[in-house]
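This report looks at how aromatic rings, one surface pocket and model confidence appear in a single protein chain. Please keep the sequence and the structure in view while reading.

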Amino acid sequence: MRKLMFVCVTAVLAIPAWAAASTPTPADHAAAVKQCSTERTAMGMPAFKLLYGTNANKSNAFGKCVSKLAQQNAKNRSNAASQCRTERTADPAAFAAKYGKGKKHANAFGNCVSQNAKWAAAQQVKATNNAAKACWTERKADPAAFKAKYGTNANKSNAFGKCVSGKVKHSAP
């Protein structure tokens, strides 16, 4: 009975820690604002609104983009932390020399996480921009065929987002 209680208490305490790891921080939101601004400029407002907007006039596109990318940034940070822990465990001295600053190689772990998370986010923005440009070109050529090919809802209005999503998933390593 005591073992069962211990397992239950441990599980209940672990859930908030696990959930907090993937919760976006203010820094994740700030980075997402910059990423969305970059995407909006790179792909153009009409494509940006088609990709992220969900209401009738797609005016909520920027907020939806920030929300989505903030979640991605939190996930990237969590993944980067795992990768950095593994790298640090394999060779602590080399890890400190590679990522640390100054004579004492201060904040090697934080620098590693930051560098890896920023790299992952930049790759995602680049892939999204490339996919959006390709989908926009395809959509311009024949809008009806484009909707028929990619649209999945009743009025096929989600075609652009589905196209971009599919191309981004194909380009992922």
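## Aromatic pair between two helices

Tryptophan 136 has a relative accessible area of 24% and is therefore partly exposed, in what is a predicted model. Phenylalanine 160, by contrast, has a relative accessible area of 2%, so this residue is buried, the cut-off for that class being under 20%.

By the pairing rule that joins rings whose centres lie within 6.5 Å, the count comes to five aromatic pairs. In one of these pairs the ring centres of tryptophan 136 and phenylalanine 160 are 5.9 Å apart and the planes stand at 85°, which means that the pair is edge-to-face. This pair links distant parts of the chain, since tryptophan 136 belongs to helix α6 (residues 108-141) and phenylalanine 160 to helix α8 (residues 159-171), with the two positions 24 residues apart in numbering.

## Aromatic rings within a helix and in a cluster

Phenylalanine 146 and tyrosine 150 also form an aromatic pair, with 4.9 Å from centre to centre and 50° between the planes, and this pair is tilted. Both residues lie in helix α7 (residues 143-150), and because they are four residues apart there, about one helical turn separates them. Phenylalanine 146 counts as buried at 3% relative accessibility, and tyrosine 150 likewise counts as buried, at 15%.

A further group of rings is made up of Phe48, Tyr52 and Phe62, which form one aromatic cluster.

## The second largest pocket

The volume of the second largest pocket is about 350 Å³. Its lining consists of 16 residues, and those nearest the centre of the pocket are Ala27, Ala31, Asn73, Ala117 and Lys118. In character, the lining residues divide into seven nonpolar, five polar and four charged.

Helices α2 (26-43), α4 (61-90) and α6 each supply at least two residues of this lining. The contribution of α6 is the greatest, at seven residues; α6 is also the helix that holds tryptophan 136 of the edge-to-face pair.

## Confidence in the model

The mean pLDDT of the protein is 86, and 86% of its residues reach 70 or more. Among the elements, α4 has the highest mean pLDDT, at 95, whereas helix α1 (residues 2-21) has the lowest, at 47. Over residues 4-20 the pLDDT stays under 50, and for this stretch the model has zero contacts beyond four places in sequence.

Definitions and conventions. Residues numbered from 1 in each chain as written. Predicted model: local features only at pLDDT ≥ 70, side-chain atom pairs only at ≥ 80, totals over all residues. Heavy atoms only, no water. Phe/Tyr/Trp six-rings, centres within 6.5 Å; stacked < 30°, edge-to-face > 60°. Buried < 20%, exposed > 50% of the residue type's maximum accessible area, 1.4 Å probe, protein only. 1 Å grid on protein atoms, 1.4 Å probe; cavity = no way out; pocket = protein on both sides within 12 Å on 5 of 7 lines; lining within 4 Å. Points joined across faces, edges and corners; volume = space filled by probe spheres on them. Nonpolar A, V, L, I, M, F, W, Y, C, P; charged D, E, K, R; others polar. pLDDT = per-residue confidence, 0-100. Contact = heavy atoms within 4.5 Å.
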